[in-house]
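Please look through the sequence and the model below before reading on. The paragraphs after it offer a guided walk through a few places in the fold.

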Amino acid sequence: MADTKRDYYEILGVSKNATDDELKKAYRQVAKKYHPDMNPGDADAEAKFKEASEAYKILSDPDTRARYDQFGHAAFDPNGGAGGQNVTFPNYDDEKKAKEGLELDLWTVKSQDAAKEDLPVKAYNNTDVLKPY
């Protein structure tokens, strides 16, 4: 079973509307407390230090912070997450229909060709029309 990630704001002990200075101060306190040099041989402290470093890396950048606020950890999940599903078309006819905006009997679709051409396909549900946007 995969480990569930803790909320980055919780890790640093700040609120979701914390300023950049508050984030920096909180990170420095947590990093100092759990730094491997201050806790030699303590694997738990090392893990908490790495967790705090990851949290600060995400929250200190305005763009990644906005993505995290909107999508949570899924924004940075390489296996789908907020970036969309990697479901492919079963055959060329379905892909052609999607590009033409015709109905498909698929729940969610992402065209391989559209991805190669940077033309994402908007997918709704099996009764809606799929259209490139």
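What follows goes from the nonpolar core to a loop and then to a helix.

This is a predicted model, in which local features need pLDDT of at least 70 and side-chain atom pairs count only at pLDDT 80 or more, while totals for chains, interfaces and linings use all residues. Residues are numbered from 1 along each chain as its sequence is written, and side-chain values use heavy atoms, with hydrogens and water left out.

The largest nonpolar core (buried Ala, Val, Leu, Ile, Met, Phe, Trp, Tyr and Cys residues joined through side-chain atoms within 4.5 Å) has 20 residues, and those with the most contacts inside it are Tyr8, Leu12, Val14, Leu23 and Leu59. Helix 1 (8–12), helix 2 and helix 3 are the elements that give two or more residues to this core, and helix 3 supplies the largest share, 7 residues. Helices here are DSSP runs of H or I with at least four residues, numbered from the N terminus. Leaving aside residues up to four places away in sequence, Val14 touches Tyr9, Glu22, Leu23 and Ala26, where contact means heavy atoms within 4.5 Å.

His35 sits in the loop between helix 2 (20–34) and helix 3 (43–60). Although His35 and Glu46 are 11 residues apart in sequence, their C-alpha atoms are 6.6 Å apart in space. A polar atom of the His35 side chain lies 3.0 Å from the backbone nitrogen of Asp37.

Thr64 belongs to helix 4 (residues 62–71), and, when residues up to four places away in sequence are not counted, Thr64 touches Lys57, Ile58 and Phe76.

Methods. Polar contact = N/O pair within 3.5 Å; in protein donor to acceptor, adjacent residues only side chain to side chain. Buried < 20%, exposed > 50% of the residue type's maximum accessible area, 1.4 Å probe, protein only.
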